[in-house]
Structures are given as structure tokens and as C-alpha cells.
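Hi,

Here is the structure I promised to pass on to you. Have a look at it first, and then read my notes below with the picture open.

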Amino acid sequence: DWDCSDGNVACYQLGYDKAREVVYDSDDYFGYWSNIRSYYYSCSGDEHSLESCYNSYTSSYHCYTSNDVAGVRCVQSSDSSCSSNGALRLVGGQSSHEGVLEYCYNGKWSPFCYLDDEEASVACKQMGYSQYAGFLSPDEYIWEINTTYTGSLFNYFSCSTYGTENSLSSCTLYSTSSSSCGVSCTHPHAIKCYEPSCIDGQARLVNGSIAQ
């Protein structure tokens, strides 16, 4: 029984972050296979190699149809690690206040496959910007990014109706578990925030004839 728990461990072992899909009829995805050895794995999803899971196999090779061969697609959330869980950053934009939104989740930068206006507004606020300006389309940022996104390490955040929270960590996080597959997306959400033009309480004179 090949499931997401087993697929997660296979992806961990291969250096990826999580499984985003497990398949059973691998000829539809990866081509035909024959002369295989029949393995059985039962993982909890927290192991770091398939050898650490309960496993058994037959002693001889058999020619099965490729429908008997298990396969997995893995999530590569980001090429870099992070040290402050809950931190945010924008990458790949034309300026510092726009780009793909990434969240530091369990030591890895992860993009958002699902993001609404309320959560984007809170994200801009958390990063020190005055307001959220809107979403960016892929052609506005993708050429700047070296990472090939395949998915997110969590499902989504849910903030209050008007986005009154000061950080996404104050909102509800719906995460994936060690027994569930990750969230798949090739074009994660990119946003644009308003850069503050002044500090609260600051004063200035404009359009006068002399500077006094």
C-alpha cells in the first residue's frame, strides 16, 4: 500500500521537502518498467529513509506490469533554508517591495499556493509596508527567479475578515501532516506592497517658493 506517508519518506531520502503526489500506475507518468522486485513499505511519514520503515520484499525478481510500480512526485519548495520560523520575504520582483511571497516553515522557505487578499495584507504589514497593492502575474516576476517551484509545504493561512493581525503567525495555519501529500503549484502567489513614503508624525513643507 503506497501512500503519502511512504512518498514523503522517499522524497526526504532524495533530498526534497515532501511528496506532492504518489502514483501507482507509473507507466502513465514515468514510462514502462519490468523485472522488478516487489517491496512493501509501511512508513509513519517521519522517517528519513525507506530503510527505516517497516519493509518486506520477495526473494526473487518478477516481471510485473508497470501498473504495479509505485512512483512519487516531490515538492521542492525553495533552494535555501531559513532560521527564523514565521519570517517572510519577497523574491524575484523588480523592486524590494514585490515578488513571490515566501514563508519560513520548519527551516525552509516555502511559497504560497493559496493566498487571499486578507492574508496578503497582513503579510505586507508584517514586512513593514504600509499597504498591500495587489497580486503580480507570473510574467511580472518569474524571469528573476532561479528556483523551480513545485509546491508548498503547508496548505494555507486564514486571517480575520479585515486582516487586522500584525503577522501571519497570528492567523490560523492549516498545515500538511507527515501522512499527507504537499500542495502542488508551479506558479505560487506573488504580491506587491506599498512602500511607506513617510513615518507617522513626520512633517514636511512642499511646493513653496523658498525652503523655510
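Before anything else, one term you'll need: a disulfide here is a pair of cysteine sulfur atoms within 2.5 Å. In chemical terms, a disulfide is a covalent bond between the sulfur atoms of two cysteines. Please also keep in mind that this is a predicted model.

With that in hand, start with C159 and C171. Their sulfur atoms sit 2.1 Å apart, and they form a disulfide. The angle about the S-S bond is 100 degrees, and this link of C159 and C171 is right-handed. Both cysteines lie in the loop between strand 10 (154–158) and strand 11, so the pair ties together parts that are 12 residues apart in sequence. Are they buried or exposed? C159 is buried because its relative accessible area is 12%, under the 20% cut-off for that label. C171 is buried too, with a value of 9%.

While you're in that loop, find S167, which is also placed between strand 10 and strand 11. Its relative accessibility is 18%, so S167 counts as buried, the limit being under 20%. If you skip the neighbours within four places in sequence, S167 is in contact with V122 and Q126.

How many disulfides are there by the rule above? The count comes to six. I'll walk you through two others.

One of them joins C4 to C181, with 2.0 Å between the sulfur atoms. Here the torsion about the S-S bond is about -100 degrees, so this disulfide is left-handed. The pair connects distant parts of the chain: C4 belongs to helix 1 (residues 4–13), while C181 is in the loop between strand 11 (172–175) and strand 12 (183–184), and 177 residues separate the two. C4 has a relative accessible area of 17%, so C4 is buried. For C181 the value is 17% as well, and C181 is buried.

The other one is between C82 and C104, where the S to S distance is 2.1 Å. The link of C82 and C104 is right-handed, with 100 degrees about the S-S bond. It also bridges distant parts of the chain: C82 is in the loop between strand 4 (71–75) and strand 5 (88–92), C104 is in strand 6, and they are 22 residues apart. C82 and C104 are both buried.

Strand 6 (residues 98–105) has something else to show you, as E102 is found there. E102 is buried, since its relative accessible area is 1%. What does the side chain of E102 make a polar contact with? Its partner is the side chain of R89, at 2.7 Å.

Now go back to helix 1, where you'll find another cysteine, C11. C11 has a relative accessibility of 0%, so it counts as buried. Which residues is C11 in contact with, leaving aside its neighbours within four places in sequence? They are Y16, K18, A19, V72, R73 and C74. Take R73 from that list: C11 and R73 are 62 residues apart in sequence, but 8.1 Å apart in space when you go from C-alpha to C-alpha.

Next, the surface. Y114, Y156 and Y174 form a nonpolar patch there, and together they have about 320 Å² of accessible area. Of these, look at Y156, which is placed in strand 10. At 34% relative accessibility, Y156 counts as partly exposed, because that label covers values between 20% and 50%.

Finally, a few numbers for the whole protein chain, in case you want them for your own notes:

- The secondary structure comes to two helices and 13 strands.
- The chain has 212 residues, of which 41% count as buried.
- Among contacts with a separation of 6 or more, 72% are between residues 24 or more positions apart.
- About 12000 Å² of the chain is exposed, and carbon and sulfur atoms supply 45% of that area.

If you want somewhere to begin, I'd click on C4 and C181, the left-handed disulfide, and then on C159 and C171, the right-handed one in the loop. After that, try E102 with its partner R89.

Have fun with it!

Technical notes
Residues numbered from 1 in each chain as written. Predicted model: local features only at pLDDT ≥ 70, side-chain atom pairs only at ≥ 80, totals over all residues. Heavy atoms only, no water. Helix = DSSP H or I, 4+ residues; strand = E, 2+ residues; numbered from the N terminus. Buried < 20%, exposed > 50% of the residue type's maximum accessible area, 1.4 Å probe, protein only. Polar contact = N/O pair within 3.5 Å; in protein donor to acceptor, adjacent residues only side chain to side chain. Patch = residues over 30% accessible without salt bridge, like charges linked within 9 Å, V, L, I, M, F, W, Y side chains within 5 Å. Areas by Shrake-Rupley, 256 points an atom, 1.4 Å probe, with all protein chains shown as cover. Salt bridge = Lys/Arg side-chain N within 4 Å of Asp/Glu carboxyl O. Contact = heavy atoms within 4.5 Å.
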